[in-house]
Amino acid sequence: MALRHFFLVLLVVSLWAFNNVAIKWGLLDLPPLFMTCMRFVVVAILLIPFTRVTREQLRYLLPLAFTFGFLHFSLLFVGINYTDAGTGAIVVQLGTPFAMLLAMLILKEKLTLIQVLGIAISLSGVAVLTGSPTIPSGWVLCLLLSSAAGWAISNLIVKKSPPIKPLTMTGWISFLAIPIVGLASYLLEADQFSALSHSSWRGWFGILYSAIGSSIIAYSLWYALLKQYNVNLIMPYSLLTPVLAVTMGIVVLGDSMNTFKAIGALLVIAGTAISVINLRSIRMHARFPRLSRRRKP
């Protein structure tokens, strides 16, 4: 991998990790569902005018608006409202092994023994995290696990959908999710626009960073890198996101670290790495980089 691309990968995972800090800042001033809705509004305004979808693509974007827009993002914001940035990032990382299990059950994709072991290790990490004081109650953990499940289900829908450009998908999911998340905010929250009008820089920064920095900029760079390199070489770097999120949470927000959180994080990240990293593909790329780069991701 070219050195400039390596630094781009680090930039992307850093942008994703800092998103958890930005969300925590925003939640100091804004209700979580309303903040999520405003995030979607910003993304839709910036992307919808420049993208188009077909009726066939719309059939898949509508359920994605619920699974990705509401289940994943809304429940992530609500969950992080009750825990710290690092813990939220660790639990949501389980979306990857969840997606693998769903693919096995629904799409009949086979898992190797090593992959099953990795998934088991990841799930054991969640069991350890339940002892951490950063998760105040079981329902908070359920919210974050549901967010991870929403991400996993969305991956299955995307896999079955016709080809849709990444930023087109991002823009239209955001647009279609606005009424869903907006209705949830209307029913469950109060004084949303008053909170927005009296919000400090933290609320606006949380909205704009989540929409522009973490979503549009980071994903644009990520998909550009995926066009240059094999998926199995790029995806493992995403495992740095929860590690950086925990570090940033401690440094920027003053989050605490405890034994349960440290061991749980290690098990979740290590298990996910075992599940997704294709060592044979990495070795092949090391020996034949040009050939490997020509392979479609």
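In this predicted model, Trp172 and Phe175 sit together in helix α8, 3 residues apart, or about one turn of the helix. Their rings make an edge-to-face aromatic pair, with 5.6 Å from centre to centre and 80° between the planes. The two partners differ in how much of them shows: Trp172 is buried, at a relative accessible area of 16%, while Phe175, at 42%, comes out as partly exposed.

Now for the helix that carries them. With 23 residues, α8 spans 31 Å from first C-alpha to last, close to the 33 Å expected at 1.5 Å a residue. There is a kink of about 40° in α8 at Ala177, shortly before the proline Pro179. The buried residues of α8 include Met169, Ile173, Ala177 and Val181. Leu176, also part of α8 (residues 166-188), has a relative accessibility of 16% and so counts as buried, the cut-off being 20%. Beyond its neighbours within four places in sequence, Leu176 is in contact with Leu58, Leu61, Leu62 and Ala65. The C-alpha atoms of Leu176 and Ala65 are 5.6 Å apart, although 111 residues separate them in sequence.

Leu61 turns up again in the core. The largest nonpolar core has 58 residues, and Leu61 and Ile207 are those with the most contacts inside it. Helix α3 (residues 55-80) supplies the largest share of this core, 13 residues. A second core, separate from that one, has 15 residues, among them Trp16, Trp25, Trp222 and Met248. As for Ile207, leaving out neighbours within four places in sequence, its contacts are Leu30, Met35, Met38, Arg39, Val42 and Leu196. Arg39 also has its charged end over the ring of Phe73, 4.1 Å from the ring centre.

Back to the aromatics: the whole structure holds 15 aromatic pairs. In one of them, Phe34 and Phe193, the ring centres are 5.2 Å apart and the planes meet at 75°, so this pair is edge-to-face. It ties together distant parts of the chain, since Phe34 belongs to helix α2 (residues 32-47) and Phe193 to helix α9 (residues 192-197), 159 residues apart. Phe34 is buried, with a relative accessible area of 5%, whereas Phe193 is exposed, at 62%. Elsewhere, Phe18, Trp25, Trp201, Phe205 and Tyr209 make up one aromatic cluster.

One last residue is Thr87, found in helix α4 (residues 85-92). Thr87 has 0% relative accessibility and therefore counts as buried. Not counting residues up to four places away in sequence, Thr87 touches Thr134, Ile135 and Lys261.

How values were computed. Residues numbered from 1 in each chain as written. Predicted model: local features only at pLDDT ≥ 70, side-chain atom pairs only at ≥ 80, totals over all residues. Heavy atoms only, no water. Helix = DSSP H or I, 4+ residues; strand = E, 2+ residues; numbered from the N terminus. Buried < 20%, exposed > 50% of the residue type's maximum accessible area, 1.4 Å probe, protein only. Contact = heavy atoms within 4.5 Å. Expected span 1.5 Å × (residues − 1). Bend = angle between axes of the 7 residues up to and from the residue. Core = buried A, V, L, I, M, F, W, Y, C linked by side-chain atoms within 4.5 Å. Phe/Tyr/Trp six-rings, centres within 6.5 Å; stacked < 30°, edge-to-face > 60°. Lys NZ or Arg CZ within 6 Å of the ring centre and 35° of its normal.
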